[in-house]
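Here's a quick tour for anyone opening this one up for the first time. Have a look around, then read on.

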Protein chains: 2
Amino acid sequence: MAAGTAEIREDTAPEKTRTRLLTTALRLFTEHGVEGTSLQMIADALGVTKAAVYYHFKTKDEIAEAVAEPGMRELAALVQEGLKVRRRGAQIDFVLEGFVDLVVRHRSLVALFSSDPGIARALERGFHTSVDMKEGLITLFVGEDPDVSGVITAHVLLTGLALTGGAPTLADLDDETLRASLLEVGRKLLGRRARRIC
Amino acid sequence: MAAGTAEIREDTAPEKTRTRLLTTALRLFTEHGVEGTSLQMIADALGVTKAAVYYHFKTKDEIAEAVAEPGMRELAALVQEGLKVRRRGAQIDFVLEGFVDLVVRHRSLVALFSSDPGIARALERGFHTSVDMKEGLITLFVGEDPDVSGVITAHVLLTGLALTGGAPTLADLDDETLRASLLEVGRKLLGRRARRIC
């Protein structure tokens, strides 16, 4: 009966239910898009009532924001830390490595964030800084006042690395291999030499 | 009254209504996602009844397939033509230039196709060859039996060029500038030297 007891405990602890709810919501958002996922679908997948979902979140948009929050917070921290690095080459390497690492650790979320108009809109409402953050990343990658070619390079880098990191067809690839390959591609795009990783 | 007469003529020609319907559907799919767009929304945006939409298409999935059809047909033709090019370097250049050109001419559609789970599913149903087509493109870009690094490079190339070509923030960029910049980035990723375009 140990497993059953653990189940009940998990269901009665609001924080754990919240975590399960966000994990389930991310999976459903990935499968159906944010707009194609209802609060009822999330409740059904969790085996709880819609009222139990309402206890944690009043709207689907609140759920979308909460799903994206940890990744967005880490991305904002990466941009802030990146701005402090003085030497330009080291700065590019720092932000590229941080971005790739973030993409790999949040594979599903990054894919959803890069692709779903529903979550993109939720994020615009929830995080007024998300446009600034993208601008910040582009600046860190290709410098202040980049020309068109620089903007396009940064764009291909951000979207290409994110979408590839979250690609369902590459889901079987282990994190370490994915991380190394994405870094290699990123360095090539930014004209950085490959570094030996120990 | 000339404009009014033209309006009425357009509304009474089924082929023109079909074209308007597909243009409107693409716009709504881009704004709300395929799952977030209803037949009623398409009818309202066109200023016609839902019955008028049903005259052309029985389901939203049929509309999604019809929206994507011209781009998919061109992409299939590009892969077929690419396979006929014998010299490897010329083959890569041919397919890269064709892909970039296709992305630029179908900017909205490519962005939607790369990002929306709804249209991706509709395409899987409508075009059983779409997985083969992606495999075909990857093979043309990085050769038969590519290693992980090659697959990741091709993936970043396909998703990065497509998403950047369709990026709303770059919508003001003219086609020619976008085409030249995407080509430059693609060549860098594939290790092809820049060519002078006359």
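## Salt bridges

Counting over all chains, the rule comes to 20 salt bridges. Keep in mind that what you're looking at is a predicted model. As background, side chains of opposite charge can pair when their charged atoms come close.

Want one to look up? Try Lys84(A) and Glu81(A), whose side chains meet in a salt bridge at 3.0 Å, N to O. Both sit in helix H5 (residues 60-84) of chain A, and because they are three residues apart there, about one helical turn separates them.

## Two copies, one rotation

How do chain A and chain B relate to each other? Turn chain A by 180°, with 0.0 Å of shift along the axis, and it superposes on chain B with an RMSD of 0.0 Å. The two copies are therefore related as by a two-fold rotation axis. The same surface does the job in both copies, too: 100% of the contact residues of chain A turn up again in chain B.

## Where the chains meet

On the contact side of things, 35 residues of chain A touch 35 residues of chain B. Together the two chains bury about 2700 Å² between them, and 66% of that is on carbon and sulfur atoms.

So what holds polar company across this interface? The rule finds eight residue pairs in polar contact there, both residues being at pLDDT 80 or more. Salt bridges across the interface of chain A and chain B, on the other hand, number zero.

Which elements of chain A give two or more residues to the side that touches chain B? They are helix H2 (14-32), helix H7 (107-115), helix H8 (117-126), helix H10 (148-165) and helix H11 (175-190). H10(A) gives the most, with 12 residues. Sorted by type, the residues on that side of chain A come out as 14 nonpolar, 15 polar and six charged.

## Aromatic pairs

Over all chains, the structure holds two aromatic pairs. In one aromatic pair, Phe99(A) and Phe141(A) meet edge-to-face, 6.4 Å centre to centre with 85° between the planes.

Phe99(A) belongs to helix H6 (residues 88-105) of chain A and Phe141(A) to helix H9 (residues 130-142) of chain A, so this pair ties together parts that are 42 residues apart in sequence.

Note on methods
Residues numbered from 1 in each chain as written. Chains lettered and ligands numbered in written order. Predicted model: local features only at pLDDT ≥ 70, side-chain atom pairs only at ≥ 80, totals over all residues. Heavy atoms only, no water. Least-squares fit on C-alpha atoms with pLDDT ≥ 70 in both. Contact = heavy atoms within 4.5 Å. Buried area = accessible area lost by both parts, 1.4 Å probe. Salt bridge = Lys/Arg side-chain N within 4 Å of Asp/Glu carboxyl O. Polar contact = N/O pair within 3.5 Å; in protein donor to acceptor, adjacent residues only side chain to side chain. Helix = DSSP H or I, 4+ residues; strand = E, 2+ residues; numbered from the N terminus. Nonpolar A, V, L, I, M, F, W, Y, C, P; charged D, E, K, R; others polar. Phe/Tyr/Trp six-rings, centres within 6.5 Å; stacked < 30°, edge-to-face > 60°.
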